[in-house]
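Subject: Structure for you to look at

Dear colleague,

I am handing over the structure below, and I would be grateful if you could read it alongside the notes that follow.

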Amino acid sequence: MRHLKSRFVELFQAEQCLDFDECMVEYYGCHNCKQFIRGKSIRFGYKIWCLNTSTGYLIHFYVYQGKKANGNVEYEENCGKCAAPKPLDLCGV
């Protein structure tokens with residue numbers, strides 16, 4: 001994930017309008033980070049906060065791990081912690 005994040009930022013061509021929103025990656029298996037959102041087209045999966053351009057290019061992303069303060073330590077070490085959207089530091093990817 002770190003490699004993807006660095007490549008996305010590296011290849012990004014600056015634009016004036018950006019979008020910061022959530023998306024769901026469909027997943028029905030067992031995992032601590034899996035979310036359930038009632039009434040959505042994709043109800044089970046991983047919630048990911050994404051920074052995109054207006055054309056849909058993904059610049060940066062964080063996997064949501066729930067609102068509890070102490071998440072999965074192994075996952076945090078490998079992928080980073082995201083309990084809620086936070087300001088993006090595009091230089092310190």
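Strand β3 is mostly covered, with eight of its 10 residues buried, and since this is a predicted model, please read that statement and those that follow as values computed from the model. The strand spans residues 44–53, and its pairings with other strands are a convenient way into the rest of the protein.

On one side of the account is β1, which pairs with β3 in the antiparallel sense over nine bridges; within this pairing, Cys23 stands opposite Ile48 of β3. Strand β2, made up of residues 35–36, also pairs with β3 in the antiparallel sense, here over two bridges, and the bridge partner of Phe36 in β3 is Phe44. Strand β4, which covers residues 58–63, pairs with β3 in the antiparallel sense over five bridges, and Asn52 stands opposite Leu58 of β4. The hairpin of β3 and β4 has four residues between the strands, and Gly56 takes a positive phi near 100° there.

These strands belong to a protein whose secondary structure comes to two helices and four strands, and the order of the elements, read from the N terminus, is α-β-β-β-β-α.

Turning to the aromatic side chains, a search of the whole structure finds six aromatic pairs. One of them joins Phe20 and Trp49, whose rings are stacked, with 5.9 Å from centre to centre and 20° between the planes. Because Phe20 lies in strand β1 (residues 18–26) and Trp49 lies in strand β3, this pair ties together parts that are 29 residues apart in sequence. The two partners can also be described by their accessibility: Phe20 counts as partly exposed, at 34% relative accessibility, whereas Trp49 is buried, with a relative accessible area of 15%. Elsewhere in the aromatic set, Phe8, Tyr57 and Phe61 form one cluster, and Lys5 lies over the face of Phe61, at 5.2 Å from the ring centre.

The cysteines deserve a careful look as well. How many disulfides does the count come to? The count is zero, and the case of Cys50 shows how this arises: the nearest cysteine sulfur, that of Cys23, is 3.5 Å away, whereas a disulfide requires the two sulfur atoms to be within 2.5 Å, so Cys50 is in no disulfide. Is Cys50 buried or exposed? At 7% relative accessibility, Cys50 counts as buried, while Cys30 is exposed, with a relative accessible area of 76%.

Finally, some totals may help you to place these details in the protein as a whole. Buried residues make up 28% of the 93 residues, and the accessible surface comes to about 6500 Å², of which 53% belongs to carbon and sulfur atoms. Among contacts between residues at least 6 apart in sequence, 48% join residues at least 24 apart, and the stacked pair of Phe20 and Trp49 ties together parts that are 29 residues apart.

If you would like a place to begin, I suggest opening the model at β3, where eight of the 10 residues are buried, and then following its antiparallel pairings to β1, to β2 and to β4 in turn.

With best wishes

Note on methods:
Residues numbered from 1 in each chain as written. Predicted model: local features only at pLDDT ≥ 70, side-chain atom pairs only at ≥ 80, totals over all residues. Heavy atoms only, no water. Phe/Tyr/Trp six-rings, centres within 6.5 Å; stacked < 30°, edge-to-face > 60°. Buried < 20%, exposed > 50% of the residue type's maximum accessible area, 1.4 Å probe, protein only. Lys NZ or Arg CZ within 6 Å of the ring centre and 35° of its normal. Contact = heavy atoms within 4.5 Å. Areas by Shrake-Rupley, 256 points an atom, 1.4 Å probe, with all protein chains shown as cover. Pairing = 2+ DSSP bridges.
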